[in-house]
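Me: Could you take a close look at the nonpolar surface patch on this one and walk me through what makes it up?

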Amino acid sequence: MNFIRLLIVLVGLAIVTPVTAQSFNPVFEQNSVDGHLLGAQGSFKLFQFVEPSLALAYGLQSRKIRYQAGLGLWDVKLSVLDWPGTPVLGRVGQSGLLATFKRSSSPGPFLDISIENRDSVTAFFGTLWPWVVNESPPDIVYIALNSSQRFSLPFGITLSVNNRTLYGWWQLIVSPKSFQYSQTHLDLRRDSLSLTFSYGTIQNEGRLPDFEFVQSVKGDTEVIRGEQFWALRFERRFDVIRVPVRLPPLPIINKPLLESILLEGAAFVQFSATTAALRQEHTEKCEKCLVKPENLWAWGLSMIFSLDGFKLRADIVFKRDGEYRLLFGS
């Protein structure tokens, strides 16, 4: 409550203090617990280093009000929240206290290579949802480390590398039990070519329920689960037709509302695989045996319609058994 009172005081100061970097965005998203989530979120900056923020939304399915109130001081942000989204696998959202530290840097070009670095550390104490029905969710503590590098290489090639490592503990009062995972995502692009590769591993000594990787491919309702995963996606885009639109520029911004209409085609291939460990509690011969890996793959063709930043995509996806699905999305 004291944290919320502090936010109210800062909002009052904003009335008499020059405010910069204001942002206000609607919230319209969906998850398996809340169904559709409707609301708004915003923030403003005071004195160039203080940034209060607030998000409120209502879940049409859960009939719960979700909130996230934060206070940023330079590169550190403290939040009290009950909001969807969590780095803990197998959970949809989290409720509790969150502290985040973010830092970014851009070393100077070296041999025509420029680098952008982003690092963050997140610490959380609270509960995760959903949990087992009719049981009180246990307290959870975790620390998540995130790092990303973006390399701009010669010949128009960009390489992005993202890493996340999470260390967590639960059943804190009885006897703390640990769980952790690490995963890496590589993204290589050049013009209309893109290649992404991801992999990760889990250590769940504390047996946190549903703490596992879940993988799928586009157009397939089947999912595979495991303690390790690999995923690969290749896509090649090509222009079908581009129609320039000549409109007079709008006042103030001195830019036309619409400059061109673009229709693109694409071909893609997707592959995902997982493997799990079968633990046998009362067998001396095999304490940990590997289960045969599972995998999914699909390929497809796409049409992408672009209109001044808005994109509508249609995919026809073929699975390994020859079945196909037609999908639409933005």
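Reply: Sure, strands first: helices (H or I, at least four residues) and strands (E, at least two) are DSSP runs, numbered from the N terminus. Residues are numbered from 1 along each chain as its sequence is written. This is a predicted model, so local features need pLDDT of at least 70 and side-chain atom pairs pLDDT 80 or more, while totals for chains, interfaces and linings use all residues, and side-chain values use heavy atoms, without hydrogens or water.

Now the patch. Its members have over 30% relative accessible area and no salt bridge, with nonpolar side chains (Val, Leu, Ile, Met, Phe, Trp, Tyr) joined within 5 Å, and like charges within 9 Å. Areas are Shrake-Rupley with a 1.4 Å probe, and for residues only the protein chains shown count as cover. A salt bridge puts a Lys or Arg side-chain nitrogen within 4 Å of an Asp or Glu carboxyl oxygen.

The patch covers about 820 Å², built from Leu188, Leu193, Leu195, Leu232, Phe234, Val269, Phe271, Trp297, Trp299 and Leu301. Strand 11 (193–203), strand 14 (228–244), strand 15 (260–275) and strand 18 (294–307) each chip in at least two residues. Strand 18 gives the most, with three.

Trp299 sits in strand 18. It counts as partly exposed because its relative accessibility is 35%, between buried (under 20%) and exposed (over 50%), again with a 1.4 Å probe and protein chains only.

For contrast, look at the largest nonpolar core, meaning buried Ala, Val, Leu, Ile, Met, Phe, Trp, Tyr and Cys joined through side-chain atoms within 4.5 Å. Of its 25 residues, Val88, Tyr142, Phe179, Leu208 and Phe211 touch the most other members. Strand 14 is among the elements giving two or more residues to this core, and strand 8 gives the most, with three.
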